[in-house]
Amino acid sequence: MIDLHIIEGGVGKHLQFTALLDALFKKEKRKLALMSACPELFQNDDRVLSSHLHNIDPFRDTFHTFFNNYKNIIFNEPNKTNFLKGKSHIIKYWADMYNVKVDNIAPNFQINKKREKIIQSDILKLGKFILVQFTGGQAIKQNMYNSNNVGRNYKHGQEVINLIKEEIPDLNIIVFSHDNEHEPFFNTTQSIFTDKLDFMILAKYCLSFLCIDSSLQHMCSNKDFNKKGVVLWGTTKPTMYGYEKNCNLVTEHPYAIDIEPKIIVDNFIKLDLQ
């Protein structure tokens, strides 16, 4: 029988979990069975045998017909442990919980190759482009959106966009967000891509990215994409959830991102992107 691994959290946390997949695959010597809030993120991964939606209430599975199909139900959750004390990166702590070794903490997800072939011509038409995300916290669109997003959202995204366009007029800027998170941004490029699975593919082709600590950071930091961007940090810390290769700008305010737009754009320009 095979083990079942349960994962909780948002899109970004699920993408971070992919850093463990090679080690877990090697440890179990077989493809993995996963249950999570975002099963679609793993459905094109050749290390995953099955990816179920985490919507089965164990107290209502009267005959335990689902869970009895698995040898062990494994749920290792760093965000309910001493990890919260901030002394370790989530992937290193997670790996210890699973008793595996991970050399590279960057996400290691696999994109949908068939879908990539379908949309590749539309991506190439975009020319030189970057991806930006100033709001987050919604794996799926919800009512009563929290515009503060636990201190992670950035409220001056339009100013940042305007400054970038002044510096690099021919650069296309594509926004990743749900439409209920902010007012429409101007000076951006409208595209046909709205689904997170498509943005995981766009991350492979973008010149760079600029975002808060949310899912776009993890999409663009895939170990095989070789991208470098600017990440804005408020409540959370890059030493816990980020990647050293990026330019991590940390606010002095503990519960909001209080960084001047010009400082952000100056650091973005310093990336010297080609």
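# Exercises on a predicted model

Helix 6 has as its buried residues Lys196, Asp198, Phe199, Met200, Ile201, Leu202 and Ala203. The exercises below concern a predicted model, and each task is followed by a worked solution.

## Exercise 1: the surroundings of helix 6

Task: Determine how many residues of helix 6 are buried, and which elements cover them.

Solution. The helix spans residues 196-205, and 7 of its 10 residues are buried, so helix 6 is largely enclosed by the rest of the structure. The next step is to ask what lies over those buried positions: the covering elements include helix 1 (11-17), helix 4, strand 5 (129-133), strand 6 (172-175) and helix 7. Met219 offers a view from the other side, since among its contacts beyond four places in sequence are Lys196, Phe199, Met200 and Ala203, which appear in the list of buried residues of helix 6.

## Exercise 2: the nonpolar cores

Task: Identify the residues with the most contacts inside the largest nonpolar core, and describe the contacts of Met219.

Solution. The largest nonpolar core comprises 49 residues, and those with the most contacts inside it are Phe17, Leu20, Leu131 and Met219. Met219, with residues up to four places away in sequence set aside, touches Val11, Leu15, Phe109, Phe176, Lys196, Phe199, Met200, Ala203 and Phe225. A second core, separate from this one, has 22 residues, including Val160, Ile164, Val230 and Ile259.

Val160 can then be followed further. This residue belongs to helix 5 (residues 157-167), and it counts as buried because its relative accessibility is 0%. Beyond its sequence neighbours up to four places away, Val160 touches Phe134, Tyr154, Leu210, Pro261, Ile264 and Val265. By contrast with these contacts, the C-alpha atom of Lys26, 134 residues from Val160 along the chain, is separated from that of Val160 by 44 Å.

## Exercise 3: two cysteines without a bond

Task: Explain why Cys206 forms no bond with the closest cysteine sulfur.

Solution. The starting point is a search of the whole structure, which finds 0 disulfides. For Cys206, the closest cysteine sulfur is that of Cys220, at 4.2 Å, and this is too far for a bond, given that a disulfide requires the sulfur atoms to be within 2.5 Å. Taken from the other partner, Cys220 is likewise in no disulfide, with the sulfur of Cys206 as its nearest cysteine sulfur. As to accessibility, Cys206 counts as buried at 1%, and Cys220 counts as buried at 0%.

## Exercise 4: loop residues, buried or exposed

Task: For Asp213, Asn76, Lys29 and Asn99, decide whether each is buried or exposed.

Solution. Asp213 sits in the loop between strand 7 (208-212) and helix 7 (215-220), and its relative accessibility of 5% makes it buried. Its contacts beyond four places in sequence are Arg152, His218, Val231, Leu232, Trp233, Thr236 and Tyr241. Pro238, which is 25 residues from Asp213 in sequence, lies 8.3 Å from it in space, C-alpha to C-alpha.

Asn76 occupies the loop between strand 4 (73-74) and helix 3 (90-98), and it too counts as buried, at 15% relative accessibility. Outside its sequence neighbours up to four places away, Asn76 touches Trp94, Met97 and Tyr98.

Lys29, in the loop between helix 2 (21-28) and strand 2 (32-36), is exposed, with a relative accessible area of 72%. Asn99, in the loop between helix 3 and helix 4 (113-125), counts as exposed at 65% relative accessibility. Backbone geometry adds a further detail: phi of Lys29 is near 60°, a positive value in a residue other than glycine, and phi of Asn99 is also near 60°.

## Exercise 5: empty space

Task: Describe the volume and lining of the largest cavity, and then those of the second largest pocket.

Solution. The count comes to 1 cavity of 30 Å³ or more, and the largest cavity has a volume of about 60 Å³. Its lining consists of Glu40, Leu41, Asn44, Gln110, Ile111, Asn112, Leu197, Met200 and Ile201, which divide into 5 nonpolar, 3 polar and 1 charged. Met200 and Ile201 are also among the buried residues of helix 6.

The second largest pocket holds about 380 Å³ of space. It is lined by 17 residues, and Val175, Ser177, His182, Gln190 and Thr194 lie nearest its centre. The lining of this pocket divides into 7 nonpolar, 8 polar and 2 charged residues.

Definitions and conventions:
Residues are numbered from 1 along each chain as its sequence is written. This is a predicted model: local features need pLDDT of at least 70, side-chain atom pairs count only at pLDDT 80 or more; totals for chains, interfaces and linings use all residues. Side-chain values use heavy atoms; hydrogens and water are left out. Helices (H or I, at least four residues) and strands (E, at least two) are DSSP runs, numbered from the N terminus. Buried means under 20% relative accessible area, exposed over 50%, partly exposed in between (1.4 Å probe, protein chains only). Contact means heavy atoms within 4.5 Å. A nonpolar core is a set of buried Ala, Val, Leu, Ile, Met, Phe, Trp, Tyr and Cys residues joined through side-chain atoms within 4.5 Å. On a 1 Å grid over the protein atoms alone, a cavity is a set of points where a 1.4 Å probe fits but cannot get out, and a pocket is an open set with protein on both sides within 12 Å along at least five of seven lines; lining residues have an atom within 4 Å of a point. Grid points are joined across faces, edges and corners, and a volume is the space filled by probe spheres set on the points. Ala, Val, Leu, Ile, Met, Phe, Trp, Tyr, Cys and Pro count as nonpolar, Asp, Glu, Lys and Arg as charged, and the others, Gly among them, as polar.
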